[in-house]
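Let's take a walk through this structure together, from its overall make-up to a few individual residues. Keep the viewer open and follow along.

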Amino acid sequence: MLSTICLLLALTGRFMAAFIMTSYVHIGKYSVTSALISKSHKGDDPLLQYVVNNSLREHPVLTKLWLRTMEDPKNLMMVAAEQAQFMANLAKLIEANKPIEIGMYTGYNALNLALVVPENGLVVACKINEVYVNISKPFFKEAGVEDKIDIRIKPAAETLDELLTAGKAGTFDFVFIDADKKNYETYYEKSLQLVRKGGIVAIENVLWGGRVINPAEDDLSSQTIDKLNKKLHKDERIDLSMLTVADGRTLAIKR
Ligand SMILES: C[S@@+](CC[C@H](N)C(=O)[O-])C[C@H]1O[C@@H](n2cnc3c(N)ncnc32)[C@H](O)[C@@H]1O
């Protein structure tokens, strides 16, 4: 009898937990699942929810941009809010005033960086096309940093080449690589030229859902990332840490 009651309680608990995870929360005109409210891609992880609840300090305009981004079907592309905060803190730590974002999407991370760079700071934000720019810009304006985000619409490798040709090597402090994976090595090499000594190149998705362990023959993205990971391990131009946060992030610090 007792064991039946325990089993029923356990099942009810699981059902309630599942219900809570998938219930809807209303914020202003928005209605999002409570899983998404964690602002993380692992919204059903109670421990990560705890981390978010007890460490995220989000500028009100970032909250609005996050909510707007959640309306987009491709919102999984956005870096998790607590991870964007981590990168903004890194940028602050090294007193970055010229960061580059390679792969902007709706601009959550670019906005976060713009909010922490000094008055004369500038974020170069690379985008392949105009899609989402009409979403980003009003939020940049509302946060008062529209002049601190230089959106360059063309393939990111071209923008990086333009900066190098303009003699800007060694003048940037922080680069966040978060665009098409097949070009990651190109982005890394150009970024390393663009950052100063002590500058950081942060490379997102370096675990690529675990596929880097044994990349399939037809999986160019996994192969490229795996090759780059191995190259960085031996690269004497940098100090590095491969973090197991999110989908993996390598911090390469220029020597
Ligand atoms: C994962 S999303 C970036 C998310 C963004 N960093 C954030 O935190 O919200 C990748 C972005 O890279 C852009 N992208 C893809 N290929 C690109 C290229 N060759 N040059 C510039 N941007 C590119 C995509 O359009 C997309 O917006």
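Nine helices and nine strands make up the protein chain of this predicted model. Of its 255 residues, 34% count as buried. If you look at contacts with a separation of 6 or more, 65% of them join residues 24 or more positions apart.

A good place to begin is the sheet. Seven strands form an open sheet in the order β5-β4-β3-β6-β7-β9-β8, and their pairing is mixed. At the edges you will find β5 (149-153) and β8 (238-243), each of which pairs on one side only. Ignoring direction, neighbouring strands of this sheet are turned by 15° against each other on average. As a reminder, strands of a sheet pair through backbone hydrogen bonds, either parallel or antiparallel. The edge strand β8 and its partner β9 (residues 249-254) run antiparallel and are joined by six bridges. To find one of these pairings on screen, pick Ile238, whose bridge partner in β9 is Lys254.

Between β8 and β9 lies a loop that holds Ala246. Its phi is near 50°, a positive value in a residue other than glycine. That deserves a second look, since most residues other than glycine have a negative phi. Ala246 counts as partly exposed because it has 18 C-beta neighbours inside 10 Å, short of the 20 needed for a buried residue.

Now turn to the helices. In α6 (residues 133-142), Ser136, Phe139 and Phe140 are buried. Seen down the helix axis, the buried residues of α6 fall within an arc of 105°, so they line one face of the helix. Asn134 and Lys141, on the other side of α6, are exposed. The cover over the buried residues of α6 includes α3 (60-70), α5 and the strand β5. Just after α6 comes Gly144, which takes a positive phi of about 80°.

Helix α8 (residues 184-194) has its own set of buried residues: Tyr184, Tyr187, Tyr188, Lys190, Ser191 and Leu194. What covers them includes the strands β3 (99-102), β6 (172-177) and β7 (195-204), along with the helices α7 (156-165) and α9 (220-234).

Which residues come nearest to the ligand? Of the 18 residues around the ligand, these are Val79, Gly103, Tyr105, Asn109 and Ala156. The elements that contribute two or more residues to this shell are α5 (108-116) and β4 (123-127). By class, the shell has eleven nonpolar, three polar and four charged residues.

One of the nearest residues, Tyr105, merits a visit of its own. Tyr105 sits in the loop between β3 and α5. Although Tyr105 is not a glycine, it has a positive phi of about 55°. Is Tyr105 buried or exposed? Tyr105 is buried, because 23 other C-beta atoms lie within 10 Å.

For a last stop, go to Met77, in the loop between α3 and α4 (81-93). Met77 has 13 C-beta neighbours inside 10 Å and therefore counts as partly exposed. From there you can look across to Glu236, which is 159 residues apart from Met77 along the chain; the C-alpha atoms of the two are separated by 31 Å.

Methods. Residues are numbered from 1 along each chain as its sequence is written. This is a predicted model: local features need pLDDT of at least 70, side-chain atom pairs count only at pLDDT 80 or more; totals for chains, interfaces and linings use all residues. A residue is near a molecule or strand if its C-beta atom, placed from the backbone, lies within 6 Å of it. Helices (H or I, at least four residues) and strands (E, at least two) are DSSP runs, numbered from the N terminus. Ala, Val, Leu, Ile, Met, Phe, Trp, Tyr, Cys and Pro count as nonpolar, Asp, Glu, Lys and Arg as charged, and the others, Gly among them, as polar. Two strands pair if DSSP finds at least two bridges between them. Axes are lines fitted to C-alpha atoms, for helices over the stretch in contact, and angles run from 0 to 180 degrees between N-to-C directions. A residue is buried if 20 or more other C-beta atoms lie within 10 Å of its own, exposed if 12 or fewer, and partly exposed in between; C-beta atoms are placed from the backbone. The arc is that of the directions from the helix axis to the C-beta atoms. Two residues are in contact if their C-beta atoms, placed from the backbone, lie within 7 Å.
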